[in-house]
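Me: I have a structure to go through, and I want reasons with each label. Can we take it term by term?

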Amino acid sequence: MSKDSLIIDTEKEKGRDKDKDKDDISMNESIEDQNMDEDENEGNEDNKKNEDENEDIEMKDSNENSSDSSNSESESSDDNDDYIKEKDNEDNNSNSDDDSSISSEKENEKDKLISDDYDSDMDEDKYETIADDDYVMGTKEFLKQFAINSSNIISDHFLYRYEAIISNVIYRHIKHVILKHNRGVFNQPCLVKSLAWYKCALIPFQKIIWQPNLYPENEKSFISWNARIRYYIYKTYFDIRTSELFDIIVEYPDSKWSLIDLKISIKKTGLIKELISSLNESIKKRLLHQGAKTSDIVHQYISLIKCMQILDSSGLLLEQVSDPIKKYLRYREDTIKCIVQIIADDNNENLLESIPKQDIIAFDEMNLNNYNNDNWMPELLEIDPANEVVKKKSVDIISTLLNIYDSKDVFIKEFQELLANRLLALKSYELKRELRNLELLKLRFGENNLQLCEVMIKDISSSRRIDYNIHTETNFDDNSNNNKNEKDNNKELPFHAKILSHLFWPPFKPNNLKFPKEIQEYADIYSKQYTTLKPSRKLQWLPYLGYVSLTVELEDRTLTFNDLTPIQAIILYHFQEKDQWELNELSNKLEVTPAVVKHGIVFWMNKGIMKEITKDVYKILEKEEDVMIEDEIHNTVEDAEDNIEEQSSKGQDTDQMRIYWTFISNMITNLGGMTIERIHQMLQVCLPNYKSQIEQLRSFLELMIHENKLDLNDDVYTIKK
Amino acid sequence: MNTTEGLNVTKRLQNELMQLMMAGIPGVSAFPESDNLLSWVGTIEGAPGTVYHGLSYKLSLKFPVNYPYTAPTIKFTTPCFHPNVDTEGNICLDILKDKWSAVYNVQTILLSLQSLLGEPNNDSPLNTYAAQMWNKPEEFKKQVIKIHNTGQF
């Protein structure tokens with residue numbers, strides 16, 4: 001900066017001297033002309049060293065032109081064109097010069113700028129730029145020459161006439177530079193660099209043109225021009241960042257810097273509405289279409305929320321752009337699943353923990369009563385800190401996500417299912433993580449809504465205690481089993497159980513799978529022990545859930561498997577009995593559908609342990625063979641299983657009603673016979689979660705009558721004794 | 001009624017109901033009587049090995065607005081021949097009077113009452129006739145059954 005301003009300063013001094021000379025003389029054109037001539041002469045002397053003749057001639061031409069036109073108001077269009085060309089040339093020259101310098105400058109600035117505090121209320125005056133010495137030396141002469149040329153323009157009041165042209169050229173140049181260097185660069189502060197460049201390159205240039213120190217009457221124009229150019233820089237930034245906004249959101253958090261740049265440029269330009277419509281457009285075009293995966297949309301939505309929070313912490317901006325996404329996500333069936341998975345995912349822990357300590361308010365909820373959309377104005381981006389309504393209500397991502405739906409029930413139901421799956425998948429009784437998640441969710445949804453989940457977690461933790469108890473208490477001598485060998489006596493029970501409270505878990509698919517005989521014996525011992533611990537309870541085994549670890553000993557190899565599903569283990573177990581099985585035979589034996597059996601067999605075939613010898617007849621491979629892995633079978637079997645799953649899910653509606661059975665039976669026991677309306681009403685009063693229709697209740701009560709638990713006389717239900 | 005208190009007690013009673021239902025203790029049960037959760041009906045069955053075995057007694061439980069800081073009012077609605085229960089069904093049980101604490105709940109009350117049936121406190125009888133007769137189980141049982149079945153003292 002200093003060197004640049006040196007040049008200007010010398011000009012200034014000259015200017016001042018001359019000003020002194022003519023202080024007492026009233027300003028008029030002729031005197032100015034005189035002064036200019038002097039300037040020109042001085043300039044020419046200087047130039048002789050460096051300038052080639054061509055330029056001299058050109059200069060003289062322009063001088064002639066200018067004096068011509070100053071004398072006669074009528075202007076020839078040719079002259080004008082010539083002039084523009086000349087001006088363009090000069091500008092281009094300076095452009096290339098500037099360009100080359102910018103990159104080197106940037107390098108120098110980079111360290112300095114990044115270490116600087118680059119906050120949103122950036123004061124660009126803080127960023128003084130140290131210009132490169134060589135660059136300054138190189139351009140010094142050029143600038144000098146340019147100053148002389150431009151002084152001619154000023155002398156004839158041309159500047160006012162050509163102002164538009166000059167600014168256009170400058171604008172074009174600014175745009176070119178900004179686009180060239182900053183398009184697609186999101187991970188560093190760019191705006192501040194452009195402003196620094198503006199300060200060190202463009203301001204001196206403008207000073208040369210306007211000579212504000214020389215001609216005080218130009219001062220005003222200089223300032224307003226400066227302001228316009230500065231605005232143009234912000235506007236250019238706004239334009240490119242707005243057009244790139246979708247990519248910026250995709251790349252968040254790496255693109256944080258560009259968001260800050262954008263925020264500053266919005267503040268300076270006030271073009272918030274353009275931003276909203278452009279962002280809405282690109283979201284619609286690029287995100288909300290058939291090809292996008294729901295999980296991607298949800299992830300993008302989260303990024304969008306975070307990005308909009310940077311741009312506008314009040315959440316009002318987000319409200320303007322999130323509507324189409326919310327509407328679209330509502331149509332997708334798997335949205336809630338995605339959301340629940342994202343929330344419960346360990347990688348996103350910070351999401352759950354990000355609950356603000358106070359004012360957990362989704363931005364929809366603080367619903368903008370005070371801010372009618374029609375009156376919504378851009379200055380909301382600079383929210384008055386005294387405005388208590390908006391202050392402090394930071395946007396909470398999870399609540400915002402869940403606001404896609406009108407009620408939280410959907411989420412809670414889905415979470416319950418996820419939790420059930422995760423608890424069942426646990427290899428131990430380690431609950432720390434699930435407990436933490438549940439506690440965090442409780443903060444949001446209240447304990448009542450998550451009561452079922454709590455029961456599920458409690459089940460697992462008491463299972464640990466009970467299981468430990470049973471394992472230490474079990475003495476095989478007492479439960480003497482005839483078939484047991486001596487060596488089994490000191491053995492522990494070969495499994496651990498998770499004891500689930502009936503009706504508090506999501507309904508399981510009905511399945512007839514049974515334990516193999518040996519395991520069933522252990523299970524019986526377990527049940528017996530359990531009943532002594534809890535006299536009023538009974539165990540009902542669910543053999544198809546859980547995991548099995550097996551060591552498979554074949555003639556030539558021994559393989560160990562963890563994480564087998566029970567069906568896989570049981571299928572292999574049956575191959576102990578005989579070497580080969582026909583598919584239907586085995587499926588009859590196991591009382592499960594052939595599709596399920598086949599699925600299990602394909603698993604063993606892929607492990608090289610079984611082989612299909614003829615169609616639907618499978619044999620165990622005691623000796624290793626090269627086996628073709630039959631992916632096709634795999635796929636078709638999976639399809640078949642999907643169908644089965646779909647069919648079985650239909651019967652789950654009444655199953656869910658069973659959870660209310662304890663309530664209904666207690667109610668009728670204590671209050672005497674009741675009509676269905678009364679039962680319905682009481683359930684609504686006593687159970688905040690009760691959401692069933694009276695028709696569902698009716699069909700459930702009919703089922704209970706069918707199961708001999710209820711009687712119905714004259715519309716009054718009583719307990720069957 | 002103070003609304004916040006009303007809400008708190010409703011919430012607390014809803015939770016207690018949920019707990020009670022989940023616990024599934026054999027022989028005792030209770031349920032709110034109407035939309036108003038402050039009034040419940042309870043049922044306890046005489047424990048095996050006591051003179052009350054095989055009989056079931058209905059109770060009325062009235063919760064004050066500042067429950068659980070104040071004990072609920074509990075009465076037998078089925079006439080009960082017992083040293084600590086008077087002819088109106090009022091009960092003399094320390095935890096329902098001066099020993100009440102907010103940690104007690106419907107479940108503990110019902111279990112206490114169930115055990116009170118088998119183990120009366122004969123030092124502070126409400127029904128002195130019953131207290132005197134307690135030592136003659138045969139006679140006592142006859143009286144219990146008679147009063148239970150006729151519903152009259």
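Me: Where is B:Ser29 found in chain B?
Reply: This is a predicted model. In it, B:Ser29 is found in strand β1, residues 28-32 of chain B.

Me: Why is B:Ser29 called buried or exposed?
Reply: Its relative accessibility is 8%. Buried means under 20%. So B:Ser29 counts as buried.

Me: What makes the link between the side chains of B:Ser29 and A:Asn670 a polar contact?
Reply: The two side chains are 3.0 Å apart in this pairing. The cut-off for N or O atoms is within 3.5 Å, with one able to donate a hydrogen and the other to accept it. The pair therefore qualifies as a polar contact.

Me: Which residues is B:Ser29 in contact with, leaving aside neighbours within four places in sequence?
Reply: From chain A come A:Asn666, A:Thr669 and A:Asn670. From chain B come B:Val41, B:Gly42, B:Thr43 and B:Leu110.

Me: What makes A:Phe663 and B:Phe31 an aromatic pair, and what kind is it?
Reply: Their centres are 6.4 Å apart. Ring centres must lie within 6.5 Å, so they pair. The planes are at 85 degrees. Over 60 counts as edge-to-face, so that is the label here. The pair crosses between chains, from helix α26 (residues 661-671) of chain A to strand β1 of chain B. Both A:Phe663 and B:Phe31 are buried.

Me: Why is the pair of B:Tyr67 and B:Trp100 called tilted?
Reply: The angle between the planes is 40 degrees. Stacked needs under 30 and edge-to-face needs over 60, so this pair is tilted. The centres are 6.0 Å apart.

Me: What does the pair of B:Tyr67 and B:Trp100 tie together?
Reply: B:Tyr67 lies in the loop between β3 and β4 of chain B, and B:Trp100 in the loop between β4 and α2, so the pair ties together parts 33 residues apart in sequence.

Me: How do you know whether B:Tyr67 and B:Trp100 are buried or exposed?
Reply: Use the 20% limit again. B:Tyr67 has 3% relative accessibility, so it counts as buried. B:Trp100 has 12%, so it counts as buried too.

Me: How many aromatic pairs does the structure hold?
Reply: There are 17 over all chains. Ring pairs also link a cluster in chain B: B:Tyr52, B:Tyr57, B:Phe76, B:Phe81, B:Tyr129, B:Trp134 and B:Phe140.

Me: Why is B:Cys92 called partly exposed?
Reply: Its relative accessible area is 25%. Buried needs under 20% and exposed needs over 50%, so B:Cys92 falls in between. B:Cys80 is at 2%, so it counts as buried.

Me: How many disulfides does a search of the whole structure find?
Reply: It finds zero over all chains. A disulfide needs two cysteine sulfur atoms within 2.5 Å, so no pair meets that limit.

Me: How many residues does each chain bring to the contact between chain B and chain A?
Reply: Chain B gives 21 residues and chain A gives 20. The area buried between them is about 1900 Å², with 60% from carbon and sulfur atoms. In chain B, B:Met18, B:Met22 and B:Phe31 lose the most area to chain A. Together they make up 33% of what that side buries.

Me: Which residues touch the most other members of the largest nonpolar core?
Reply: They are A:Leu304, A:Met308, A:Phe411, A:Ile664 and A:Ile679, out of 139 residues. Helix α12 (residues 294-311) of chain A gives the largest share, 10 residues.

How values were computed. Residues numbered from 1 in each chain as written. Chains lettered and ligands numbered in written order. Predicted model: local features only at pLDDT ≥ 70, side-chain atom pairs only at ≥ 80, totals over all residues. Heavy atoms only, no water. Core = buried A, V, L, I, M, F, W, Y, C linked by side-chain atoms within 4.5 Å. Buried < 20%, exposed > 50% of the residue type's maximum accessible area, 1.4 Å probe, protein only. Helix = DSSP H or I, 4+ residues; strand = E, 2+ residues; numbered from the N terminus. Contact = heavy atoms within 4.5 Å. Buried area = accessible area lost by both parts, 1.4 Å probe.
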